[in-house]
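Reader: I have the sequence and the model open side by side. Can you walk me through how some of the labels were earned?

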Amino acid sequence: MVEHGGLDIMCLNKYCHSTSSSSSSSEQRDKKVFTKIKLSLSSEYPRKNAEILSGQYGTNLLLIGAALMLAIAHHDPAVREEHLLSFASCLMLLQLLWMMWYILVRERQDNTRTERDVHATTCWIRGGLTLLALLSLIMDAFRIGYYVGYRSCVSAVLGVFPVIHATHTIAQVQFLWFHIKDVIKCYETFERFGVIHAVFTNLLLWCSGVMSEAEHFLNNHKRRLSALGYQNLTIEHSEPNCNCTTSTCSMFSSSLYYLYPFNIEYHIFVSALLFVMWKNIGRNLDLSSNRKRKVTKTQGLTLGPILGLLALASTIGILVVYITHVEKSLQMRQSAISMFYIYGIVMLVVMCCAGASGLVIYRVNHKPLDTSKNPSRQLDTELLFSSSIGSWFMSWCSVVAVLSTHSRPPYRWTNLIYSLLIVLEKYVQNLFIIESLYRQQENAERENQELPAAPEIFSVTSSLAPPYNGIINRAYETPERVCVAMETEQEESGQMYRCPRKPSEVPMGVGTKGEEAPNIKRQILKNIAVLLIMCNISLWILPAFGCRPQYDNGLEQETFGFSIWTTVLNFAIPLNLFYRMHSVASLFEVFRRV
């Protein structure tokens with residue numbers, strides 16, 4: 001009994017020991033997993049917290065400005081335009097201080113290399129923004145001239161604001177040219193607040209320009225309705241209560257509104273580029289995909305530019321005829337509106353056919369999508385969809401109005417066809433642009449196939465080893481990574497370093513030329529991209545300079561009422577204008593990638 005009991009006790013002790021050892025090992029395993037989760041969360045939380053806090057800060061800045069703009073639009077005597085301009089001036093001064101601080105800190109860190117995202121922007125985008133900035137500076141000069149004429153009876157803020165805005169524009173363009181590609185990795189939390197402050201400052205200036213331009217166009221529309229016999233329309237007069245001391249005040253006042261579209265597009269594009277910079281803060285770049293692309297060849301461009309220039313010339317003619325005829329008799333007014341809709345239908349049909357042809361070519365040529373992380377490309381996609389909402393909403397309102405109205409003007413059914421084609425054209429164009437941006441490039445794949453293999457860096461044969469000048473002591477790195485790192489480092493400086501490539505040892509086939517034969521599909525896609533660029537510019541010019549039949553046809557106003565329909569247009573038209581300009585920028589990128 002004793003032995004049996006002792007055996008039982010020994011067995012029990014053994015079982016307990018194994019149980020305790022297994023439980024301790026499981027506890028250690030759980031501790032390791034918990035430690036890993038804690039480390040990952042602790043490293044990710046500061047970045048997420050900084051993103052959320054800075055995003056909330058910028059949103060509240062914009063909401064303060066929006067509250068001021070709504071009070072001004074209601075013509076509350078307690079809130080005047082000077083208050084909004086003072087608030088915007090303070091925001092611009094804060095942004096100027098941040099940009100000066102950033103440049104000074106950057107110059108003190110000459111020894112540390114700043115990573116740069118080559119996909120953040122291109123030279124032609126910055127060149128286009130520089131042109132828009134020059135037109136904005138001309139607008140500031142007109143504002144200063146307008147203030148000088150009425151300085152005896154207007155606030156000094158109206159003269160200080162254009163000076164601050166001009167200084168802000170010059171400094172911001174310089175910042176865009178030399179620092180917009182920077183990937184910030186020091187003082188990250190503070191820099192997030194600085195960049196997002198710049199983003200929402202430009203968004204507020206965009207909203208202010210949109211409101212001023214919409215108010216000016218609405219007053220002109222009310223004057224036309226009053227001339228046609230409509231009553232009970234209040235026209236707001238914004239002229240000062242004194243005489244101008246110069247003879248150029250009226251010229252400055254009327255010229256300002258022709259420059260507003262360029263100033264509006266400038267600020268919205270700058271805010272988009274700065275948002276990409278904000279998303280790049282603290283980002284680890286993939287050096288294999290962060291390469292500068294080759295120069296795009298323009299051979300084979302014939303049909304696309306010819307049709308595009310024809311569309312642009314016809315657009316200018318339509319604009320002149322519409323503006324001169326819409327304020328005359330009822331018959332000429334209706335003929336001008338009908339002419340616009342017929343022109344729009346032809347333009348949209350051509351654009352739908354071009355975009356659909358490009359999609360068919362992509363479907364025939366099966367290639368994988370590029371799934372690498374690219375904040376600039378992701379923002380392009382999101383902006384295309386979000387800015388399409390305005391014109392889609394306006395088009396469906398027009399469809400409802402045409403089908404429910406009792407009046408029968410000659411342009412009723414052309415308005416319906418035009419509205420449906422607007423919806424379809426944006427569907428097709430968005431698909432074409434997004435698929436073009438996300439398709440892998442053949443040039444990149446061909447270059448990767450020609451790169452030498454990693455072991456050849458240790459080769460002792462002079463004919464196989466790459467001819468490096470000096471000793472490169474970067475242990476266990478492939479020559480591709482070395483080359484990419486050195487090219488990325490010296491890309492924006494004056495030095496132009498290019499890694500030598502190993503000549504291909506594969507013999508060329510008989511009849512193969514050193515130069516690649518032109519690809520018919522690529523030429524077609526390039527012509528499609530150029531045609532769509534010119535068509536989008538044409539469709540931006542018309543509403544930007546006063547050709548807006550949605551105000552003048554009367555169908556939607558009869559169905560929804562004057563106040564509701566003007567509210568819809570004030571929301572939809574600025575988004576539509578931004579969509580057209582953003583499509584132009586995206587199609588330029590498509591043209592470069594093909």
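**Cysteines and a helix**

Author: Happy to. Let's start with the handedness of a link: with 60 degrees about the S-S bond, the pair C244 and C249 is right-handed. Keep in mind that this is a predicted model.

Reader: What makes C244 and C249 a disulfide?

Author: The cut-off is sulfur atoms within 2.5 Å. In C244 and C249 they sit 1.7 Å apart, so the pair qualifies. By that rule the count comes to one disulfide.

Reader: Why is C249 called buried or exposed?

Author: Buried means under 20% relative accessible area. C249 has 3%, so C249 counts as buried. Its partner C244 has 24%, which lies between the 20% and 50% limits, so C244 is partly exposed.

Reader: And how do you know which label C207 and C547 get?

Author: Same cut-offs. C207, at 23%, is partly exposed, while C547, at 2%, counts as buried.

Reader: On to α13: how do you know what span to expect for the helix?

Author: You take 1.5 Å times one less than the number of residues. Helix α13 covers residues 520–544, which is 25 residues, and the expected value is 36 Å. From first C-alpha to last, α13 reaches 36 Å, close to that expectation.

Reader: What makes α13 largely enclosed?

Author: 20 of its 25 residues are buried, so the rest of the structure largely encloses α13.

Reader: Why is N519 called a cap of α13?

Author: A side-chain oxygen of N519 lies 3.0 Å from the backbone nitrogen of K521, at the N-terminal end of α13. The limit for a polar contact is 3.5 Å, so that pair falls within the limit. Just after α13, G546 takes a positive phi of about 105 degrees.

Terms used
Residues are numbered from 1 along each chain as its sequence is written. This is a predicted model: local features need pLDDT of at least 70, side-chain atom pairs count only at pLDDT 80 or more; totals for chains, interfaces and linings use all residues. Side-chain values use heavy atoms; hydrogens and water are left out. Buried means under 20% relative accessible area, exposed over 50%, partly exposed in between (1.4 Å probe, protein chains only). Helices (H or I, at least four residues) and strands (E, at least two) are DSSP runs, numbered from the N terminus. A polar contact is a pair of N or O atoms within 3.5 Å; within protein, one must be able to donate a hydrogen and the other to accept it, and residues adjacent in sequence count only if both atoms are side-chain atoms.
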